[in-house]
Amino acid sequence: MMNIKLKIIFFIFVISLSFFFFFLGFNFSNPTNTDWLRTQDLISYQDAWNFYKNDDWRFPIGRIPNYGIEIGNSIVYADIIPIFAIIFKSLKNFLFFNFQYYSIWIFLSIFLQCYIAFLIIFKFTKSYNYSILGSIFFVISPVFISRLGMHIALASHWLILFAFYIETLKKKKDLLRNLNILLSLSIHFSLTIIIAIIHYIFKVNQLFNKEKRLKFFLDSSLLLIFSSLIMYILGYFEIPPYDGLGGGYGYFAFNLNSFFNPLNTINDLNNSWSILFPALEFPRGHYEGFAYLGLSGILFFLLFLLSFFVRKNGFIFNKKKIAFISLVFLFSATTHQIYFSENLLVSFPLNNYVYGLLGIIRASGRMIWPLYYLIFIIGIIFIFKNFNKTKSMSILTVLFLIQIVDLSPGFSNFYNGKIYQYNHKLKDEIWSILPKHYENVKVLERKNNSDLYKMMPDYLGRNNFKKTDIFNAARLDRQKLKEGSYLTTKEFSEGYIDEKSFYLTIYKQQAIIMKKIFENKKNYHFYNRDGIWILTNKELLKKNEDELKKFKDLKPQFLQFNKKVKINFDLNDGYQGLGWATLSTDGIQSVGYLSSIIFSIDKKKCNNINDLNIYFNLNEKLHIKEKFEIEIFINKNFYDKIDLKKINNKYFPINIDCKENNYLIEFYTLNPVSLRETKKSLNAEKLGFGINHIQLKN
């Protein structure tokens with residue numbers, strides 16, 4: 001018997017290895033090759049891993065304070081498979097510099113996906129060959145493979161399968177349930193939520209049994225204690241609890257067409273998984289609810305439904321449990337806004353507190369996975385129970401071939417690592433020079449997963465920088481992020497930069513501000529390489545002709561006399577400087593303590609003094625009752641201090657003296673307020689005032 005088990009494991013190992021090389025190819029499967037980690041979230045995985053690996057050991061063990069300075073980052077919120085990050089960090093002295101463990105995790109996930117599916121099917125069929133063939137359906141599952149292309153930790157669907165397998169056992173259920181939940185905490189919290197729901201669906205009956213009620217509370221208390229301890233060690237509590245709530249519940253949902261819709265968006269590319277079914281439309285966020293069953297999977301779905309009405313069904317639990325699990329996860333996935341394609345069928349409001357709590361789930365479309373896998377499990381077992389061994393094997397073989405053919409367009413996009421191909425690289429020689437002179441990489445205004453970050457695949461991590469505030473994190477301390485950005489803005493305005501850092505921006509308007517502040521200061525140099533503006537305090541290279549032309553063209557927007565100009569939020573062409581956010585169609589909204597506008601004028605047409613009329617307004621959401629003061633500086637010289645409460649929705653004239661071509665108007669908000677402080681939302685951004693229009697009167 002032992003020999004048969006070993007043979008089965010070996011056979012599944014070979015199957016898994018074959019699919020592993022099919023999807024990644026021999027090149028990308030190499031743990032020393034990081035070239036494929038250059039798309040969307042994959043960029044941040046390797047960067048975060050490198051910053052974590054190269055940092056000292058800290059406590060909690062999962063902290064990564066240097067990857068996203070002062071945002072409360074950890075290996076949990078960086079989505080870098082915490083259990084592997086800790087294991088391989090402890091082995092870093094034996095690893096190659098560019099080592100990555102994500103290909104290893106992909107193979108492990110394929111193997112466990114196949115093996116645990118085999119265990120479930122075998123428990124109800126006792127057929128080795130049938131169970132092996134049935135288990136391969138789970139390896140070629142579109143919902144599993146698609147996650148390998150963008151969210152590697154989230155592809156650990158074997159944790160869900162293991163949760164189902166545990167419920168088929170007679171012994172050690174509670175121990176295995178708890179261990180599965182604790183293990184999932186060290187992989188991805190979205191999977192923990194799913195497994196915990198399955199866990200309590202099966203345990204809730206203990207509450208109605210007087211003899212088992214005490215055991216229920218004791219088990220739950222122990223699970224809570226150990227879960228909290230593991231979460232603390234891994235860094236879950238590095239951010240405030242309310243910042244763990246993400247927006248998007250109801251947006252990242254399951255669409256009622258998802259079981260039959262082969263369209264899947266991966267790394268901003270549309271990928272169809274069917275040779276037969278047409279792609280159907282859905283709201284943008286519903287890609288999280290992608291759940292195409294495949295042609296054979298649709299047959300399994302029909303058998304799943306049929307199982308509720310026949311005696312020889314494919315159920316691995318009793319009918320009521322299957323029905324309850326299915327409904328719980330179906331409703332959780334579709335949320336309070338139920339769509340079929342782009343058509344909203346049902347929508348009902350949620351209490352703000354309920355909506356906030358459901359922000360823990362956020363990407364609710366993922367909640368469909370347990371039902372998705374139950375459909376395959378029950379359908380495969382149904383066939384075996386209703387046909388003899390030979391016929392059931394023949395039927396399953398035909399269905400397997402049909403599934404392969406139907407899913408072939410999807411496979412072609414994953415073959416040999418095709419889905420990971422990403423051409424953008426930083427090609428200029430300056431990028432190899434910068435790490436030799438600087439320890440840190442910084443940005444002018446911090447933002448999570450910015451456009452700048454996406455232009456730098458694997459650059460930040462592989463070059464051994466100590467700190468960066470250019471990052472991508474699933475969750476972060478929103479208040480610390482904003483406070484850090486305000487500090488950088490203030491330092492820039494005062495002409496200060498950290499000598500150990502170089503600064504980057506891709507926005508022309510921010511580069512104009514850089515030039516205005518630092519152009520006449522000694523030892524400051526500007527470069528524009530690969531579409532990125534770079535500010536350094538050392539001359540690293542001689543500027544090329546294209547770069548000199550771009551630098552010469554860094555001029556503030558020209559402001560015509562007597563023309564009333566609406567201020568729009570455009571960081572590549574506009575009048576706004578630092579410290580602004582968009583305010584829909586009503587202009588721009590100041591954020592933080594310092595905000596500025598910058599423009600140029602024609603001195604020849606200027607009188608001795610002209611008035612710049614600025615049309616201010618206050619954000620009504622802030623419900624400001626007391627005075628709201630700002631200090632105004634013109635080209636670094638103090639001009640006036642005003643109370644905006646007195647001029648709300650009116651214009652305020654600022655005297656322009658006609659002595660210079662370029663004018664930098666800076667507004668220091670003395671008491672900005674965040675919507676979090678007013679308890680209107682979780683937004684920690686400190687808001688001040690809006691500007692709708694400006695007009696230079698002659």
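This is a short talk on the aromatic contacts and one nonpolar surface patch of this structure.

One caution before the details. What we have is a predicted model.

Let's start with the rings. The structure holds 71 aromatic pairs. Take Phe-23 and Phe-414. Their rings meet edge-to-face. The centres are 6.4 Å apart, and the planes stand at 85 degrees. Where do these two residues lie? Phe-23 belongs to helix H1, residues 2-28, and Phe-414 to helix H16, residues 408-414. So the pair ties together parts that are 391 residues apart in sequence.

Are the two partners buried or exposed? Phe-23 is buried, because its relative accessible area is 5%. Phe-414 is buried as well, at 2%.

Next, a cluster. Ten names would be a mouthful, so here is a part. One aromatic cluster includes Phe-13, Phe-20, Phe-21 and Phe-26. Also among its members are Phe-107, Phe-111, Tyr-115 and Tyr-128.

Rings also meet charges here. Lys-538 lies over the face of Tyr-438, 4.5 Å from the ring centre. Lys-543 lies over the face of Tyr-527, and there the figure is 4.9 Å.

Now to the surface. Which residues make the nonpolar patch? They are Ile-275, Leu-276, Leu-295, Val-398, Ile-402 and Val-405. The patch covers about 510 Å². Helix H15, residues 389-406, gives the largest share, with three residues.

Look at Leu-276 in that patch. Leu-276 sits in the loop between strand E2 (269-272) and helix H11 (294-306). Its relative accessible area is 57%, so Leu-276 counts as exposed. The cut-off for exposed is over 50%.

That's the tour.

Note on methods
Residues numbered from 1 in each chain as written. Predicted model: local features only at pLDDT ≥ 70, side-chain atom pairs only at ≥ 80, totals over all residues. Heavy atoms only, no water. Patch = residues over 30% accessible without salt bridge, like charges linked within 9 Å, V, L, I, M, F, W, Y side chains within 5 Å. Areas by Shrake-Rupley, 256 points an atom, 1.4 Å probe, with all protein chains shown as cover. Salt bridge = Lys/Arg side-chain N within 4 Å of Asp/Glu carboxyl O. Helix = DSSP H or I, 4+ residues; strand = E, 2+ residues; numbered from the N terminus. Buried < 20%, exposed > 50% of the residue type's maximum accessible area, 1.4 Å probe, protein only. Phe/Tyr/Trp six-rings, centres within 6.5 Å; stacked < 30°, edge-to-face > 60°. Lys NZ or Arg CZ within 6 Å of the ring centre and 35° of its normal.
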